[in-house]
Amino acid sequence: MTAPTLATTWVRVCALEDLAVERGAAALVDDVQVALVRLVDDTVLAVQQLDPFCGSYVMSRGIVGSRAVDGVSVPTLASPMYKQVFDLRTGSCLDTVGRVPLDGQDADLRTWPVRVVAGVVEVGAGADAAPGAGTTS
């Protein structure tokens, strides 16, 4: 018996040109606040807007950068509050800056799949949306 194949539901969020390069923007996807970040190569990545270390919805205001992880440069987002650094591709917290997340929060950020189709940014939504890195079509 094979497992059922789940299709991702794509939600149109904005035009790619509406996102500033290497800046965050907040969006509401399936009633969840998401932080979108457009990289220099026009890849768009999406992580949760909620900062797990301070409990505020501020990640779209974070500092976009990069960091070497296992010898590979990865795009990062630093929290504007306490400066924890997260891998934008995976949501993994790379630097806790000596803090622990608030009770019940995971240190890592949730991610959403993102694609750009004909200049429109779409975010994968619903229970069937598998986390993943952004793509450009």
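User: Why is Glu 122 called buried?
Analyst: Buried means under 20% relative accessible area, exposed over 50%, and partly exposed in between, with a 1.4 Å probe and protein chains only. Glu 122 has 9% relative accessibility, so Glu 122 counts as buried. This is a predicted model in which local features need pLDDT of at least 70 and side-chain atom pairs count only at pLDDT 80 or more, while totals for chains, interfaces and linings use all residues. Residues are numbered from 1 along each chain as its sequence is written, and side-chain values use heavy atoms, with hydrogens and water left out.

User: What makes Arg 115 and Glu 122 a salt bridge?
Analyst: A salt bridge needs a side-chain nitrogen of Lys or Arg within 4 Å of a carboxyl oxygen of Asp or Glu. The closest N and O atoms of Arg 115 and Glu 122 are 2.6 Å apart. By this rule the count comes to three salt bridges.

User: Why is Arg 115 called partly exposed?
Analyst: Its relative accessibility is 27%, so Arg 115 counts as partly exposed.

User: Is Asp 87, which forms a salt bridge with Arg 89, buried or exposed?
Analyst: Asp 87 is at 3% relative accessibility and therefore counts as buried. Arg 89, with a relative accessible area of 33%, is partly exposed.

User: How do you know that E5 and E6 pair?
Analyst: Strands (E, at least two residues) and helices (H or I, at least four) are DSSP runs, numbered from the N terminus. Two strands pair if DSSP finds at least two bridges between them. E5 (residues 63-69) and E6 have seven bridges, in the antiparallel sense.
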